[in-house]
Amino acid sequence: MNIHEYQAKQVLAKYGVPTSHGIVALKAEEIDELIKNFEAKVYVVKAQIHAGGRGKAGGVKVVRSKEEARSIAHDMYGKTLVTHQTGPKGQVVKRVYIESGCDIAKEYYFSVVLDRASNRITFMASTEGGIDIEEVANKTPEKIIKISIDPATGLMPFHCRALAFRLGFSGDKAKQLIKIAESVYNAFVATDASQIEINPLVETLDGNLLALDAKINFDDNGLFRHPEIAALRDEAEEDALEVRASKADLNYVRMDGTIGCMVNGAGLAMATMDIIKLYGAEPANFLDVGGGADKERVAEAFKIILSDKAVKGILVNIFGGIMRCDIIAEGIVAAAKEVGVKIPLVVRLAGTNFELGKKILANSGLEIIAADDLGDAAQKIVKAV
């Protein structure tokens, strides 16, 4: 789960990370009242969307008067920002954050991520912070500092000292960086985060370090432990079908293709998408119904796939281990009859009760194309579409 910048700063401030002061308008009509009592030498107006690249897309503006800030905030609210992360459709700005600017001496990049390659929490930092950090990582990866934390020991003082030294800090600034590193690490562990990114972490002209921008991603599987974090979720920033799927405990990711997929098991789902591409088409989604899905969850999964207007055909690929093929078949039949399927549907069943599942589908009265194996299923759905 992602949260907005202003929310990330609130979380980090709770753990002792120095952040800039600001106000947020959730509605356009709130802007005038909120900014009336907000005083700053420099005003920074920021669009709040769940995507990077806002600055290059016109979503961050720096001005020196309150009236300019008020006017820009009104212009920004409701605007569609198109960045390298939003895709061509862009994202509508429904929250605007206005913060106090500062005099910047230098920008740094600072983050903590869960490195799945090493299975360790890892600090990543660079002296080349700012809007071009992706270019730095691509062209000069040696400028990205990485320090992994052994889970047996957790964060140790030498980790923080190494970060400060490699970023070129000494004296008071080194002490500040060490404190920030400790605070960010504690926030990461305590909130079940999967990424905390501060970009830029700035050094001001008066020698202080400040988190000028912040982004936090949380592990969805840990949200049940953090209702206060779950309450920060902004569903308007997410794909409506993905939100609907998450509420039904379905693993669903929308994609740009035309063939909808319903599979049990993440590995099999990935293989199904790969073989669709192999035979010349594109998958419309990743959807794993899980090993313990019941008839109702399968029916909901089917409805979600059909709700995507880009879908021109559906491939159901089930290997029944824990999941019984007859349960899948009943869910497919129930959903297909309720929604009214008017596009090609190919089903491949194997494993537990697959013969019963095939019988249920054959007697359903629906136009279902049966497949013997995965390759056969992929060829048939691609041809049908």
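This report describes the overall make-up, two helix environments and the salt bridges of a predicted model.

## Overall architecture

The protein contains 13 helices and 18 strands. Its C-alpha trace extends over about 75 × 50 × 40 Å along the principal axes. Of its 385 residues, 48% count as buried. Among contacts with a separation of 6 or more, 67% are made by residues 24 or more positions apart.

## Helix 5 and its buried face

Helix 5 covers residues 157–166, and within this helix His159, Cys160, Leu163 and Ala164 are buried. When the helix is viewed down its axis, these buried residues fall within an arc of 130°, so they line one face of helix 5. The spacing of such positions has a general basis: an α-helix has 3.6 residues a turn, so residues three or four places apart point the same way.

The cover over the buried residues of helix 5 is formed by elements including strand 7 (104–115), strand 8 (120–126), strand 9 (145–149) and helix 6 (171–190). After helix 5 comes Gly168, which has a positive phi, near 90°.

## Packing of helix 8 against helix 10

Helix 8 (residues 240–247) and helix 10 (residues 295–307) have axes that come within 10 Å and cross at roughly 180°. Because of this crossing angle, helix 8 is roughly antiparallel to helix 10.

On the helix 8 side, the contact involves Leu241, Arg244 and Ala245, which meet Glu300, Lys303, Ile304 and Ser307 of helix 10. Sorted by class, the residues of this contact are three nonpolar, one polar and three charged.

## Salt bridges between separate elements

The structure holds 22 salt bridges. One of them joins Glu39 to Lys66, with the closest N and O atoms 2.7 Å apart. This pair connects distant parts of the chain, 27 residues apart: Glu39 belongs to the loop between helix 2 (31–36) and strand 2 (43–47), whereas Lys66 belongs to helix 3 (residues 66–76). The two partners fall into separate accessibility classes: Glu39 counts as exposed at 59% relative accessibility, while Lys66 is partly exposed, with a relative accessible area of 22%.

Helix 8 also takes part in a salt bridge, in which the side chains of Glu235 and Lys247 meet at 3.5 Å, N to O. Glu235 is in the loop between helix 7 (227–230) and helix 8, and Lys247 is in helix 8, so the pair ties together parts that are twelve residues apart in sequence. Glu235 has a relative accessible area of 36% and is therefore partly exposed. Lys247 reaches 60% relative accessibility and so counts as exposed.

## A further pair and a network

Glu282 and Lys277 form another salt bridge through their side chains, at 2.9 Å from N to O. Both partners can be placed by accessibility: Glu282 is partly exposed, with a relative accessible area of 41%, and Lys277 is likewise partly exposed, at 43%.

Salt bridges also link a group of residues into a network, which consists of Glu5, Lys9, Lys46, Arg54, Glu99 and Asp213.

How values were computed. Residues numbered from 1 in each chain as written. Predicted model: local features only at pLDDT ≥ 70, side-chain atom pairs only at ≥ 80, totals over all residues. Heavy atoms only, no water. Axes fitted to C-alpha atoms, helices over the stretch in contact; angles between N-to-C directions. Helix = DSSP H or I, 4+ residues; strand = E, 2+ residues; numbered from the N terminus. Parallel < 35°, antiparallel > 145°, perpendicular 65-115°, else oblique. Contact = heavy atoms within 4.5 Å. Nonpolar A, V, L, I, M, F, W, Y, C, P; charged D, E, K, R; others polar. Buried < 20%, exposed > 50% of the residue type's maximum accessible area, 1.4 Å probe, protein only. Arc of directions from axis to C-beta. Salt bridge = Lys/Arg side-chain N within 4 Å of Asp/Glu carboxyl O.
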